[in-house]
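Trainee: Hey, I've just opened this one and don't know my way around yet. Can you walk me through it?

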Amino acid sequence: MNEVYQKLLHCRDCVREKTDFVPKVAVVLGSGLGDYAENIRVECEVPYGEIEGFPVSTVPGHAGKFIFGYIDDVPVVCMKGRVHYYEGYPITDVVLPVRLMHLLGAEILFLTNAAGGVNTSFHAGDLMLIRDHIALFAPNPLIGPNIDELGTRFPDMSSVYDKELQDIIRKAAKENNIFLQEGVYAQLTGPSFESPADVRMMRVLGSDAVGMSTVVEAIAANHMGMRICGISCISNLAAGMTANPLTHAEVQEAADMAAPNFKKLVTESVKKMI
Ligand code: HPA
């Protein structure tokens, strides 16, 4: 059997030894949403370290576990902390958690992240609905033998971000007076931030925000036929757009400031998804 798939099934079996909870929506909590668990009626938590073979994040602020429970009446699994390609994991490990959440039952994937604003009309602290992505600067997570049990060799990517879910998020933002930008998210590998010339290039290519996650997860989820949506918290304007150098601390600080609206939007949107 395909090694990547074998590892995935083993991780699923490890989780199933701890809980038989079946989530409908999977939520990946990015920077700033780390303490989102307070909005969940928690049924069970599974630290990543207890899942044999599961990649465990090394980034401060990304300590990892799955949280199973309910947002309103919707059964969810939330990832508190994700792994990034720049940490040195094979790309198939980076998307293993998303694949695992689908095998556990999740049909919808709600992706969140902190991102640098590239669009000149954006401000630090804005939230952005992801309408599409640019994948070409990150390794494709489907490279290698296709896992036929999960999806087809050449999956269509013409509407990765589900239109209906986008509408639900727009509506939830409007009803709760949360200002929502919209745009295209591009994933770069990191871990260094972009140069000002990189940022100018990304703008010319049609990107509104840049980050170091999310797109590979969306590709793996789309391959499996999941319905996907995503929101970026614009934690800073990208390099060269302000006089200040970028720091991880600044990114976290701005994400924390936007967190109340970010959390509200996730909760109010998820409620309407099932
Ligand atoms: N660039 C890339 N990733 C990021 C940024 C950025 O400016 N801010 C938060 N994540």
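Mentor: Sure, and let's settle a word before anything else: a residue is called buried when its relative accessible area is under 20%, and exposed when that is over 50%. Also keep in mind that this is a predicted model.

Trainee: Okay, so which residues are buried in α4?

Mentor: L165, Q166, I168, I169, A172 and A173 are buried in α4. They sit on the same side of the helix, because the arc they cover around the axis is only 160 degrees.

Trainee: And what's exposed on the other side of α4?

Mentor: There you'll find K163, E164 and K174 exposed.

Trainee: What covers the buried residues of α4, then?

Mentor: The cover includes the strands β5, β6, β7 and β9, plus helix α7.

Trainee: What span should α4 have, going by its residues?

Mentor: α4 has 13 residues, 163–175, and at 1.5 Å a residue they should span 18 Å. The end C-alpha atoms are 18 Å apart, so the expected span and the model agree.

Trainee: What about the loop between α4 and β7, which residue should I look at?

Mentor: Try N177, which is found in that loop. Its phi is positive, near 55 degrees, and N177 isn't a glycine.

Trainee: Is N177 buried or exposed?

Mentor: N177 counts as exposed, because its relative accessibility is 72%.

Trainee: Where else is there a positive phi in a residue other than glycine?

Mentor: Look at D72, with phi near 55 degrees. D72 is in the loop between β3 and β4. With a relative accessible area of 44%, D72 is partly exposed.

Trainee: Switching topic: pockets. What's the volume of the largest pocket?

Mentor: About 360 Å³. It is lined by 23 residues, and those closest to its centre are A114, F193, M212, H248 and V251.

Trainee: Which elements supply at least two residues of that lining?

Mentor: Those are β5, β8, β9 and α7. β5 gives the most, with 4 residues.

Trainee: How many of the lining residues are nonpolar, polar or charged?

Mentor: The lining of the largest pocket has 10 nonpolar residues, 11 polar and 2 charged.

Trainee: How many cavities of 30 Å³ or more are there?

Mentor: The structure holds 1. The space in the largest cavity is about 30 Å³.

Trainee: What lines the largest cavity?

Mentor: V4, L8, T92, L96 and R99 line it. Two helices, α1 and α3, each give two or more residues to that lining. Sorted by class, the lining has 3 nonpolar residues, 1 polar and 1 charged.

Trainee: You mentioned α3. How many of its residues are buried?

Mentor: α3 is mostly covered, with 6 of its 8 residues buried. The buried ones are L96, P97, V98, R99, L100 and M101. So two names come back here: L96 and R99 also line the largest cavity.

Trainee: What comes just after α3?

Mentor: G105, which takes a positive phi of about 130 degrees.

Trainee: And α6, how many of its residues are buried?

Mentor: 9 of the 9, so α6 is largely enclosed by the rest of the structure. The helix runs over residues 215–223, and its buried residues include E217, N222 and H223. G225 follows α6 with a positive phi, near 80 degrees.

Trainee: Which residues are joined by a cis peptide bond?

Mentor: G190 and P191, with omega at about 0 degrees. P191 lies in the loop between β7 and α5.

Trainee: Last one, back to α1. Where does H10 stand, in terms of accessible area?

Mentor: H10, found in helix α1, is partly exposed, since its relative accessible area is 35%.

Trainee: And how far apart are H10 and M201?

Mentor: They are 42 Å apart in space, C-alpha to C-alpha, and 191 residues apart in sequence.

Notes:
Residues numbered from 1 in each chain as written. Predicted model: local features only at pLDDT ≥ 70, side-chain atom pairs only at ≥ 80, totals over all residues. Heavy atoms only, no water. 1 Å grid on protein atoms, 1.4 Å probe; cavity = no way out; pocket = protein on both sides within 12 Å on 5 of 7 lines; lining within 4 Å. Points joined across faces, edges and corners; volume = space filled by probe spheres on them. Nonpolar A, V, L, I, M, F, W, Y, C, P; charged D, E, K, R; others polar. Expected span 1.5 Å × (residues − 1). Buried < 20%, exposed > 50% of the residue type's maximum accessible area, 1.4 Å probe, protein only. Arc of directions from axis to C-beta. Contact = heavy atoms within 4.5 Å.
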